[in-house]
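Trainee: I have a new structure open and would like to learn how to read it. Could you walk me through it, feature by feature?

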Amino acid sequence: MRKALFLIAVSLALLTGQAHAQRCLPKMKGIELRGGMADGFYTDELKNTAGYYFGAALSSYTKGGDKWVYGAEFLQVHRPYRELRLPVAQFTAEGGFYYNFLSDNRKIMFLYIGGSALAGYEIVNWGEKLLYDGSRLNNRDAFIYGCAATLEMEVYLADRIALTASVRERFLWGGSTGQFHTQYGIGVKFIIN
């Protein structure tokens, strides 16, 4: 009798399509490579202040598909000055929590809202204080700190590969070139266990 009940239960699970993929389970980990634009669309125009970023992160999933994220990122934006653009580079480390507020029943698409603490270093014009026309930069290299608010979407292509898209606002203090940076970009995540 028990064998018959077991066979019926397995058959119902297979026939009704209710068996779900094993995604975003507690203690699963993923490595993400990401990149995108910062502060607008990057072009070679002299008046354009936009830049780009790239980074890597480790995600550790918790109950309900939420995740802890630890990562490192490089961001470079530009400040126009006469006939050139001065680069401002930021190297930051991140640690934060992302809450899964929406996902589909088949566990293919997840939407997260997250907050992170950031700390790092900002370099203005790669350390060169004297400009081509004899002007001297007053901006200085500095340690920076702050936080970030992120809206992120994960779409699984397979059980161990996902594409991500995100919009993020960074709030950083300590530097001399600006406190806010808006980022948007894409990434690819590989589940490692």
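Mentor: Gladly; we will go from the overall fold to single residues. Keep in mind that this is a predicted model.

Trainee: Let's begin with the fold. How many strands make up the barrel, and in what order do they run?

Mentor: Follow each strand to its neighbour. Here eight strands form a closed barrel in the order E1-E2-E3-E4-E5-E6-E7-E8, and the pairing is antiparallel. On average, neighbouring strands of this sheet are turned by 25° against each other, direction ignored.

Trainee: Which strands does E8 pair with, and over how many bridges?

Mentor: Look on both sides of the strand. E8 pairs with E1 in the antiparallel sense over nine bridges, and with E7, also antiparallel, over eleven bridges. You can find single partners too: Arg34 is bridged to Gly187 in E8, Ser166 stands opposite Gly185, and Arg170 stands opposite His181.

Trainee: What links E7 and E8?

Mentor: They form a hairpin, with six residues between them. In that turn, Gly174 has a positive phi of about 105°.

Trainee: Which side chains of E8 point to the buried face?

Mentor: Read along the strand and watch the side chains alternate. In E8, residues 180-191, those of His181, Gln183, Gly185, Gly187, Lys189 and Ile191 point to one face and are buried. Phe180, Thr182, Tyr184, Ile186, Val188 and Phe190 point to the other face and are not buried.

Trainee: How do I look for empty space inside, and how many cavities of 30 Å³ or more are there?

Mentor: Rolling a probe the size of a water molecule over the atoms shows where empty space is left. In this model the count comes to one cavity of 30 Å³ or more, and the largest cavity has a volume of about 50 Å³.

Trainee: Which residues line the largest cavity?

Mentor: Its lining consists of Arg34, Tyr53, Glu73, Tyr98, Thr150, Glu152, Ser166, Arg168 and Gln183. By class, that makes two nonpolar, three polar and four charged residues. Strands E6 and E7 (161-173) each supply at least two residues of this lining. You have met two of the names already: Ser166 stands opposite Gly185, and Gln183 is on the buried face of E8.

Trainee: Now for the backbone. Which residues other than glycine have a positive phi?

Mentor: Most residues other than glycine have a negative phi. Asp39, not a glycine, has a positive phi of about 60°, and Asn125 has one near 50°. Asp39 sits in the loop between E1 (29-38) and E2 (51-61), while Asn125 is in the loop between E5 (109-124) and E6 (142-158).

Trainee: Are those two buried or partly exposed?

Mentor: Compare each value with the cut-off: buried means under 20% relative accessible area. Asn125 has 13%, so Asn125 is buried. Asp39 has 23% and therefore counts as partly exposed.

Trainee: Let's finish with one side chain. Where is Phe74, and what does Phe74 touch?

Mentor: Phe74 lies in strand E3, residues 67-81. Its relative accessibility is 11%, so Phe74 counts as buried. Not counting residues up to four places away in sequence, Phe74 touches Tyr52, Tyr53, Phe54, Ala89, Gln90, Phe91 and Trp126. One of these contacts, Tyr53, also lines the largest cavity.

Trainee: How far apart are Phe74 and Gly120 in sequence and in space?

Mentor: They are 46 residues apart in sequence and 9.7 Å apart in space, taken from C-alpha to C-alpha.

Key:
Residues are numbered from 1 along each chain as its sequence is written. This is a predicted model: local features need pLDDT of at least 70, side-chain atom pairs count only at pLDDT 80 or more; totals for chains, interfaces and linings use all residues. Side-chain values use heavy atoms; hydrogens and water are left out. Helices (H or I, at least four residues) and strands (E, at least two) are DSSP runs, numbered from the N terminus. Buried means under 20% relative accessible area, exposed over 50%, partly exposed in between (1.4 Å probe, protein chains only). On a 1 Å grid over the protein atoms alone, a cavity is a set of points where a 1.4 Å probe fits but cannot get out, and a pocket is an open set with protein on both sides within 12 Å along at least five of seven lines; lining residues have an atom within 4 Å of a point. Grid points are joined across faces, edges and corners, and a volume is the space filled by probe spheres set on the points. Ala, Val, Leu, Ile, Met, Phe, Trp, Tyr, Cys and Pro count as nonpolar, Asp, Glu, Lys and Arg as charged, and the others, Gly among them, as polar. Two strands pair if DSSP finds at least two bridges between them. Axes are lines fitted to C-alpha atoms, for helices over the stretch in contact, and angles run from 0 to 180 degrees between N-to-C directions. Contact means heavy atoms within 4.5 Å.
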